Amino acid sequence: MKLNPRYWIHILNKRLPILMPETRQRRYWDFFVLTLVVWTALVVPFEVGFGSINFPGGYQIERLIDACFWVDVCLNFRTAYIDHSANMVRDGAKIAGHYIR
């Protein structure tokens, strides 16, 4: 197994597609993540102030939301972006560098 990150980006570019940011599915996903962010922004201060919310499946829902945020991070590493010159960047290494910044 090679430890060079460029090797793994090369493998990912061959195996996983680069997603376009303007697609309908991507917009639906972004709206879904926005909904989860609003839910988190409302629930977390309540939990900090008054203690844990005890409702059936509450722990599982929180873990599911966490998993959705991790999926969103992974999708962002595979989503093209538009640079300052209005060019669509589809190179996996450049996308990863842009996202990490």
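What is the volume of the largest cavity? The largest cavity comes to about 40 Å³, and the legends below start from there. Please keep in mind throughout that this is a predicted model.

**View 1. The cavity and the residues around it.** The structure has one cavity of 30 Å³ or more. Its lining is made up of Trp 39, Val 43, Glu 47, Ile 53, Phe 55, Gly 58, Ile 61 and Glu 62. Helix 2 and helix 3 are the elements that give two or more residues to this lining. Sorted by class, the lining of the largest cavity holds five nonpolar residues, one polar residue and two charged ones.

**View 2. The largest pocket and its lining.** Here we turn from the cavity to the largest pocket, whose volume is about 190 Å³. Around this pocket you will find Ile 9, Leu 12, Leu 16, Pro 17, Leu 19, Val 73, Cys 74, Leu 75, Phe 77, Arg 78, Gly 92 and Ala 96. Two or more lining residues come from each of helix 1 (5-15), helix 3 (58-77) and helix 4 (92-100). Helix 3 gives the largest share of the pocket lining, with four residues. The lining of the largest pocket is made up of 10 nonpolar residues, one polar and one charged.

**View 3. Phe 77 and Tyr 99, an aromatic pair between two helices.** The structure holds three aromatic pairs, and two of them get a view of their own here. Start with the pair within one helix, Phe 46 and Phe 50: the ring centres are 4.9 Å apart and the planes meet at 45°, so this pair is tilted. Phe 77 and Tyr 99, by contrast, form an edge-to-face pair, with 4.7 Å from centre to centre and 75° between the planes. This second pair links distant parts of the chain, since Phe 77 belongs to helix 3 and Tyr 99 to helix 4, 22 residues apart. Phe 77 is partly exposed, at 28% relative accessible area. Tyr 99 is partly exposed too, with a value of 34%. Phe 77 may look familiar from the previous view, being one of the residues that line the largest pocket.

**View 4. A closer look at Phe 46 and Phe 50.** Both residues sit in helix 2, four residues apart, which puts about one helical turn between them. How exposed is each ring-bearing residue? Phe 46 is partly exposed, with 42% relative accessibility. Phe 50 is exposed, because its relative accessible area of 67% is over the 50% cut-off.

**View 5. The salt bridge of Arg 26 and Asp 30.** The structure has two salt bridges in total, and this one is in helix 2 (residues 24-50). The closest N and O atoms of Arg 26 and Asp 30 are 3.5 Å apart. The two partners are four residues apart, about one turn of the helix. Is Arg 26 buried or exposed? With a relative accessible area of 8%, Arg 26 falls under the 20% cut-off and so counts as buried. Asp 30 is partly exposed, at 35%.

**View 6. Arg 63 between Asp 66 and Tyr 59.** The other view of a salt bridge shows the side chains of Asp 66 and Arg 63, which meet at 2.9 Å, N to O. Both residues belong to helix 3 and are three residues apart, about one turn of the helix. Asp 66 is partly exposed, at 31% relative accessibility, and Arg 63 is also partly exposed, at 36%. Arg 63 has another contact to look for: its charged end sits over the ring of Tyr 59, 4.7 Å from the ring centre.

**View 7. Ala 86 and its positive phi.** What is unusual about the backbone here can be read from one angle. Most residues other than glycine have a negative phi. Ala 86 has a positive phi, near 65°. Where is Ala 86 found? Ala 86 lies in the loop between strand 1 (81-82) and strand 2 (88-89). Ala 86 is exposed, with a relative accessible area of 62%.

Key: Residues are numbered from 1 along each chain as its sequence is written. This is a predicted model: local features need pLDDT of at least 70, side-chain atom pairs count only at pLDDT 80 or more; totals for chains, interfaces and linings use all residues. Side-chain values use heavy atoms; hydrogens and water are left out. On a 1 Å grid over the protein atoms alone, a cavity is a set of points where a 1.4 Å probe fits but cannot get out, and a pocket is an open set with protein on both sides within 12 Å along at least five of seven lines; lining residues have an atom within 4 Å of a point. Grid points are joined across faces, edges and corners, and a volume is the space filled by probe spheres set on the points. Ala, Val, Leu, Ile, Met, Phe, Trp, Tyr, Cys and Pro count as nonpolar, Asp, Glu, Lys and Arg as charged, and the others, Gly among them, as polar. A salt bridge is a side-chain nitrogen of Lys or Arg within 4 Å of a carboxyl oxygen of Asp or Glu. Buried means under 20% relative accessible area, exposed over 50%, partly exposed in between (1.4 Å probe, protein chains only). Rings of Phe, Tyr and Trp (its six-membered ring) pair if their centres lie within 6.5 Å; planes under 30 degrees apart count as stacked, over 60 as edge-to-face and the rest as tilted. A charge sits over a ring if NZ of Lys or CZ of Arg is within 6 Å of the ring centre and within 35 degrees of the ring normal.
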